[in-house]
Amino acid sequence: MSVGIVGVGSYLPHKILTNFDLEKMVDTSNEWIRTRTGISERRIVDDDVNISDIAVEAAKKALLNAGLEIKDIDLIILATCSPEMVMPSTSCLVQKKLGAKTIPAFDMLAGCTGLIYAITTGAQFIETGMYKKVLVIGADALSRHLDWTDRATCVLFGDGAGAVVLGEVEDGYGILSNYLAATGAGAELLRIPAGGSGMPATEESFEKKLHCIQMSGGEVFKFASRALPQATKAVLKRANLTLADVKYIIPHQANIRILETAAKKLGVDFNKLIKNIDKYGNTSTASIAIALDELQRANKIHEGDILLLVGFGAGLTWGANVIKWGGNKKNR
Ligand code: COA
């Protein structure tokens, strides 16, 4: 059976935080942020908004785009790095808000690669015949985990949500190959140390800002610049395709220079890589789905196009999917 993406949606909070706003908050400059990261502005959720809220908005748009309703969905997988709380899963909060009755829902914690892991996982349930339609969401509000006095991290991230609906498509279309990888050896390079059972919240953890993102920027940069081309090559090999077959590479948006380095290593035209980091920063698990949704809404994806989704992030994790777009039996 062939499984593909039959609907896409995304949601960005309305509040914009520009580099110029950040200049007033930390010792940084628009010039530094733009040239070192490619980011001009990012979106931030309002205080009374949670990631289940933005996840629901993205999910509703993906369902609408698929021509489906929540009652048609058999499973929800929500990828995130900023769960609304430790327990219950954010996916269960989303399930309730979407008005789903008892369909299973679980969270996928795989760093910024979460969407790739979740698409790969969701597709397996359809391929085995267990479920027909799976809603995959990537939603993050990492603004809630930033130390707004740390210029090395607070300029990088933004909030947002993206969603895809997976379903059966015509033979030959849909997901052609998947590639997933992880190395816990790099776990300390990018993390939020406190708030879990290993280091519950204490006055000390709060004072030391251990609930905020800690990152070895240079090391993560090197890892990402290696992981992106490696996953791209590996997933293409599994699909028996080459870069020449790919219409668009839709990479996780973390730093424009990571994408430049990766494109050079791959020897691929930089225009083949989709970029929207200037507007949203690093939206973590949401970034690939947001970029896919924007491409689709701009009518830039056509039936039969080969898309390569590729991500990397905390864990360390990385991975990719190759998808032949279209072949939707009912909806497209
Ligand atoms: N504004 C101004 N200066 C800043 C700054 C900021 N926002 N952040 C760091 N700097 C300074 C540093 O303090 C350092 O100053 P120093 O030389 O006086 O010590 C200088 O800029 C260079 O820092 P460096 O860390 O070498 O910069 P960089 O070019 O490596 O860029 C990152 C830093 C974080 C942008 C980059 O390493 C990166 O993007 N890493 C990957 C991050 C990532 O993708 N994370 C998520 C993965 S999912």
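Here is a chat between a student and a tutor about helix packing, aromatic pairs and backbone details in this predicted model.

Student: Let's start with α3 and α4. Are they parallel or oblique to each other?
Tutor: Helix α3 covers residues 51-66 and helix α4 covers residues 90-97, and their axes sit 9 Å apart at an angle of about 55°. Angles under 35 degrees would be roughly parallel, and roughly perpendicular runs from 65 to 115. An angle of about 55° fits neither range, so α3 and α4 are oblique.

Student: Which residues of α4 make the contact with α3?
Tutor: Handedness first: α3 passes α4 in a right-handed crossing. On the α3 side the contact uses I51, S52, D53, A55 and V56. On the α4 side, the residues are T90, L93, V94 and K97.

Student: And how many residues of that contact of α3 with α4 are nonpolar?
Tutor: Sort them by class. Two are polar and two are charged. The nonpolar residues number five.

Student: Now α8 and α9. At roughly what angle do their axes cross?
Tutor: Helix α9 is residues 256-266, and its axis comes within 9 Å of that of α8. The pair counts as oblique, and the crossing is right-handed. The angle is roughly 45°.

Student: Which residues of α9 make that contact with α8?
Tutor: From α8 come F221, A224, S225, R226, L228, P229, T232 and K233. By class, the contact of α8 with α9 divides into eight nonpolar, three polar and four charged residues. The α9 partners are R257, I258, L259, T261, A262, K265 and L266.

Student: K233 turned up on that list. Is K233 buried or exposed?
Tutor: K233 belongs to helix α8, and its C-alpha atom is 8.2 Å from that of L266, 33 residues apart along the chain. Its relative accessible area is 52%, and the cut-off for exposed is over 50%. So K233 is exposed.

Student: R238 is in α8 too. Which residues is R238 in contact with, leaving aside its neighbours within four places in sequence?
Tutor: R238 is found in helix α8 and is exposed, with a relative accessible area of 54%. Its C-alpha atom is separated by 9.1 Å from that of V322, 84 residues apart along the chain. The contacts beyond those neighbours are S177, N178 and Y179.

Student: On to the rings. What kind of aromatic pair do F125 and Y131 form?
Tutor: This is one of two aromatic pairs in the structure. The centres are 5.5 Å apart, with 35° between the planes. Stacked needs under 30 degrees and edge-to-face needs over 60, so 35° leaves the F125 and Y131 pair as tilted.

Student: Is Y131 of that pair buried or exposed?
Tutor: Its partner F125 is at 21% relative accessibility and counts as partly exposed. Y131 has a relative accessible area of 18%, and the buried class is under 20%. So Y131 is buried.

Student: What about F223 and W318: what kind of pair do they make?
Tutor: Their ring centres are 5.6 Å apart. The planes meet at 75°, and anything over 60 is classed this way. The pair is therefore edge-to-face.

Student: How many residues apart in sequence are the parts that this pair ties together?
Tutor: F223 is in helix α8 (residues 217-239) and W318 is in strand β13 (residues 317-324). F223 counts as buried at 6% relative accessibility, and W318 also counts as buried, at 13%. The parts tied together are 95 residues apart.

Student: Backbone next. Which residue does a cis peptide bond join to M87?
Tutor: Omega is about 0° for this bond. The partner lies in the loop between β4 (75-79) and α4. It is P88.

Student: Which residue is joined to G315 by a cis peptide bond?
Tutor: Here omega is about -5°. The partner lies in the loop between β12 (306-313) and β13. It is L316.

Student: Last one. N240 and S284 are residues other than glycine with a positive phi; is S284 buried or exposed?
Tutor: Phi is near 60° for N240 and near 60° for S284. N240, in the loop between α8 and β11 (248-251), counts as exposed at 73% relative accessibility. S284 sits in the loop between α10 (277-280) and α11 (287-297). With a relative accessible area of 1%, S284 is buried.

Key
Residues numbered from 1 in each chain as written. Predicted model: local features only at pLDDT ≥ 70, side-chain atom pairs only at ≥ 80, totals over all residues. Heavy atoms only, no water. Axes fitted to C-alpha atoms, helices over the stretch in contact; angles between N-to-C directions. Helix = DSSP H or I, 4+ residues; strand = E, 2+ residues; numbered from the N terminus. Parallel < 35°, antiparallel > 145°, perpendicular 65-115°, else oblique. Left-handed = near helix turned anticlockwise from the far one by under 90°. Contact = heavy atoms within 4.5 Å. Nonpolar A, V, L, I, M, F, W, Y, C, P; charged D, E, K, R; others polar. Phe/Tyr/Trp six-rings, centres within 6.5 Å; stacked < 30°, edge-to-face > 60°. Buried < 20%, exposed > 50% of the residue type's maximum accessible area, 1.4 Å probe, protein only.
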